[in-house]
Amino acid sequence: GTIFPPYNLSRLSSVLRENKYDVNVFDLNVKCYNFLRTYEEPEVETADTMAHRGTYWESVQYHFWLGEQYYKYLHSKLEPILDKGIQEILNTGDDIIGFSLYETNYECTTYVIKKLKEFNPNLTIVVGGPETIIRYHDKTEINILNSDIGDYLDYIVIGEGEYHILEIMENYKSNYSDIKIMGDLFSKINLDDLPFPDYSDYDFNDYRHKSGVSLETSRGCVASCTFCSETLFWKFRQRGGSRLIDEVKYQINEYGVNRFWFIDSLVNGDLNKFYDFIS
């Protein structure tokens, strides 16, 4: 998530804005990344921390973000940036805050959620993302409910967030006493019906590639590989070629980008639509 602005947040913010909601977006991940690259240890660094400085976002270093490892090596460094982000979020006056939750940002997100609720217990907290569940094969166990932030949450969204975000906005001010669990892994949104991702919230200079955005041509996969979690989520859908071309043109004209990162699991699952796009 440090190469281009986050696609998931950009997609969700565009859905909200198209429906006349005010939105604030904070990419604390890239702020932590840029801070840690230039971080200077106040004391003598060990060979271990020196070896990994600036590379914590590489996939082979993911274990540094988990459990005790995170608090041993990273939290004290990142806490000032997270605290600043928390204050910026509170300063917006927003009363509903959403988080995309992954294994590698779980500890950071837990810290931020607890602090936000500490400052303002009336905040509505929404989480989505793969870390909300754990048993993908039977699609039943809500992992996050039994976690150390389960009591801080108001909504848990499973599956495609675009499908439920407007329902949440319409109803979150109602006096619910229980956590609302929304969605499943079987939704099948028509991707061509969604608005183009909105990248207006980001400073492109914060990212490793300063002139590019992500592009989703499809969602899901047509294969049934037993080793892959993709087949356990939604069914495969591919977007129409003309709609994709319109999005590429829009992003070029709107933001001056000149490169696109394809984030699909399978770009050519529907060969007819794929040909329409590339021809």
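## Strand pairing, aromatic pairs and salt bridges in a predicted model

V126 stands opposite Y155 of strand β3. The model is a predicted one, and residue numbers count from 1 along the chain as its sequence is written.

**Parallel strands**

The pairing between β2 and β3 is parallel and runs over three bridges. V126 also has a partner in β1: within β2, V126 is the bridge partner of G98. Strand β1 (residues 96–100) and strand β2 (residues 124–128) run parallel and are joined by five bridges. Helix α6 (residues 106–119) joins β1 and β2 in a right-handed β-α-β unit.

On the other side of the pairing list, β3 and β4 are parallel partners over four bridges, and I158 stands opposite G183 in β4. Which way do the side chains of β3 point? Y155 and V157 point one way from the strand, while I156 and I158 point the other way. All four of these β3 residues are buried.

**Aromatic pairs**

There are 13 aromatic pairs in the structure. One of them is formed by Y56 and F64, whose ring centres are 5.2 Å apart with the planes at 85°, so this pair is edge-to-face. Y56 is buried, at a relative accessible area of 2%, and F64 also counts as buried, with 2% relative accessibility. Another pair, Y199 and Y202, has ring centres 6.4 Å apart and planes at 50°, so the pair is tilted. Y199 and Y202 are both buried. A pair of aromatic rings is described by the distance of the centres and the angle of the planes. Elsewhere, a single aromatic cluster is formed by Y33, W57, W65, Y70 and Y71.

**Salt bridges**

How many salt bridges are there? The count comes to ten. Side chains of opposite charge can pair when their charged atoms come close. The table gives three of the bridges with their N to O distances.

| Pair | Closest N and O atoms |
|---|---|
| E216 and R11 | 3.4 Å |
| R219 and E160 | 2.8 Å |
| R239 and D192 | 3.6 Å |

E216 and R11 form a salt bridge. This pair links distant parts of the chain, 205 residues apart: E216 lies in the loop between β5 (212–215) and β6 (218–219), and R11 lies in helix α1 (residues 7–18). Both E216 and R11 are buried.

The salt bridge between R219 and E160 also links distant parts of the chain, with R219 in strand β6 and E160 in the loop between β3 (155–158) and α7 (165–171), 59 residues apart. R219 and E160 are both buried.

These two pairs belong to a wider arrangement: R11, E160, E162, E216, R219 and R237 are linked in a network of salt bridges.

R239 forms a salt bridge with D192. R239 is in the loop between β7 (237–238) and α8 (241–255), and D192 is in the loop between β4 (180–183) and β5, so the pair ties together parts that are 47 residues apart in sequence. Are the two partners of this bridge buried or partly exposed? R239 counts as buried, at 0% relative accessibility, whereas D192 is partly exposed, with a relative accessible area of 25%.

**Surface patch and single residues**

A nonpolar patch on the surface is formed by L271, Y275 and I278, which together have about 310 Å² of accessible area. L271 is placed in helix α9 (residues 271–278). With 42% relative accessibility, L271 counts as partly exposed.

Most residues other than glycine have a negative phi. K20 has a positive value, with phi near 70°. K20 lies in the loop between α1 and α2 (28–37). The relative accessible area of K20 is 74%, so K20 is exposed.

E167 is found in helix α7 and is partly exposed, with a relative accessible area of 39%. Between the C-alpha atoms of E167 and M182 the separation is 9.6 Å, and the two residues are 15 residues apart along the chain.

Note on methods
This is a predicted model: local features need pLDDT of at least 70, side-chain atom pairs count only at pLDDT 80 or more; totals for chains, interfaces and linings use all residues. Side-chain values use heavy atoms; hydrogens and water are left out. Two strands pair if DSSP finds at least two bridges between them. Helices (H or I, at least four residues) and strands (E, at least two) are DSSP runs, numbered from the N terminus. A crossover is right-handed if, with the strands pointing away from the viewer, the path from the first strand over the helix to the second runs clockwise. Rings of Phe, Tyr and Trp (its six-membered ring) pair if their centres lie within 6.5 Å; planes under 30 degrees apart count as stacked, over 60 as edge-to-face and the rest as tilted. Buried means under 20% relative accessible area, exposed over 50%, partly exposed in between (1.4 Å probe, protein chains only). Patches are made of residues with over 30% relative accessible area and no salt bridge: like charges are joined within 9 Å, nonpolar side chains (Val, Leu, Ile, Met, Phe, Trp, Tyr) within 5 Å. Accessible areas come from the Shrake-Rupley method with a 1.4 Å probe; for residues, only the protein chains shown count as cover. A salt bridge is a side-chain nitrogen of Lys or Arg within 4 Å of a carboxyl oxygen of Asp or Glu.
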